[in-house]
Amino acid sequence: MGKPKRQVNSGQREMCELLGAGFDVHAAPYPFLREVKRRIQWEPVRQSLERAYADQGRPAWDPVLMTRLWLLQKWFGLSDRAVIENAMARASFREFLDLAPDDPLPDFSTLHVFRERLRHDRRTRRSHGARGNYPGALR
């Protein structure tokens, strides 16, 4: 009797199909995460998300780091707390996140705030006809 096979969620399957490879994200996270990191243009993601951040107050966490944490959550089916714990412990996650072993990570509650900010922006876009011409719009 072998190990039970882990189920792959639709986000994982879609990303694997997009990459055009037969990756099993759970069996080989290093190649999968390296390929995703290499193929996505992260700077436009950063520029788009930075517009939703205020210029005052405490410095915000890098929006690309937050997006990558959110992706890890979706692909590996992890809670906010679990993705942070895994990012502290797993070299494959830290490499995907562009973090050195001693680099800090956001508190798990920060992920919730990040998701809520994205949800709020999505709802606001819908109510403004997706024009994105309102204060704080993500473009």
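Rings of Phe, Tyr and Trp (its six-membered ring) pair if their centres lie within 6.5 Å; planes under 30 degrees apart count as stacked, over 60 as edge-to-face and the rest as tilted. Keep that rule at hand for the exercises.

This is a predicted model, in which local features need pLDDT of at least 70, side-chain atom pairs count only at pLDDT 80 or more, and totals for chains, interfaces and linings use all residues. Residues are numbered from 1 along each chain as its sequence is written, and side-chain values use heavy atoms, with hydrogens and water left out.

**Exercise 1. Find the residues that form one aromatic cluster, then describe the pair of Trp75 and Phe96.**

Step 1. The cluster is made of Phe32, Trp42, Trp75 and Phe96.

Step 2. The ring centres of Trp75 and Phe96 are 5.9 Å apart and the planes meet at 55°, so this pair is tilted.

Step 3. Trp75 belongs to helix α4 and Phe96 to helix α6, so the pair ties together parts 21 residues apart in sequence. Helices here are DSSP runs (H or I, at least four residues), numbered from the N terminus.

Step 4. Now check burial (buried means under 20% relative accessible area, with a 1.4 Å probe and protein chains only). Trp75 has 3% and is buried; Phe96, at 1%, is buried as well.

**Exercise 2. Describe the pair of Phe76 and Phe93, and say which charged residue lies over the face of Phe76.**

Step 1. Phe76 and Phe93 are 5.0 Å apart centre to centre, with 55° between the planes, which makes a tilted pair.

Step 2. Phe76 and Phe93 are both buried.

Step 3. Arg90 lies over the face of Phe76, 5.4 Å from the ring centre. The rule is that NZ of Lys or CZ of Arg is within 6 Å of the ring centre and within 35 degrees of the ring normal.

**Exercise 3. Place Leu69 in the largest nonpolar core.**

Step 1. A nonpolar core is a set of buried Ala, Val, Leu, Ile, Met, Phe, Trp, Tyr and Cys residues joined through side-chain atoms within 4.5 Å.

Step 2. The largest one has 23 residues, and Leu69 is among those with the most contacts inside it, as are Trp75 and Phe96. Helix α4 gives the largest share of this core, eight residues.

Step 3. Leaving aside neighbours within four places in sequence, the contacts of Leu69 (heavy atoms within 4.5 Å) include Val83, Ile84 and Leu97.

Technical notes
Buried < 20%, exposed > 50% of the residue type's maximum accessible area, 1.4 Å probe, protein only. Helix = DSSP H or I, 4+ residues; strand = E, 2+ residues; numbered from the N terminus.
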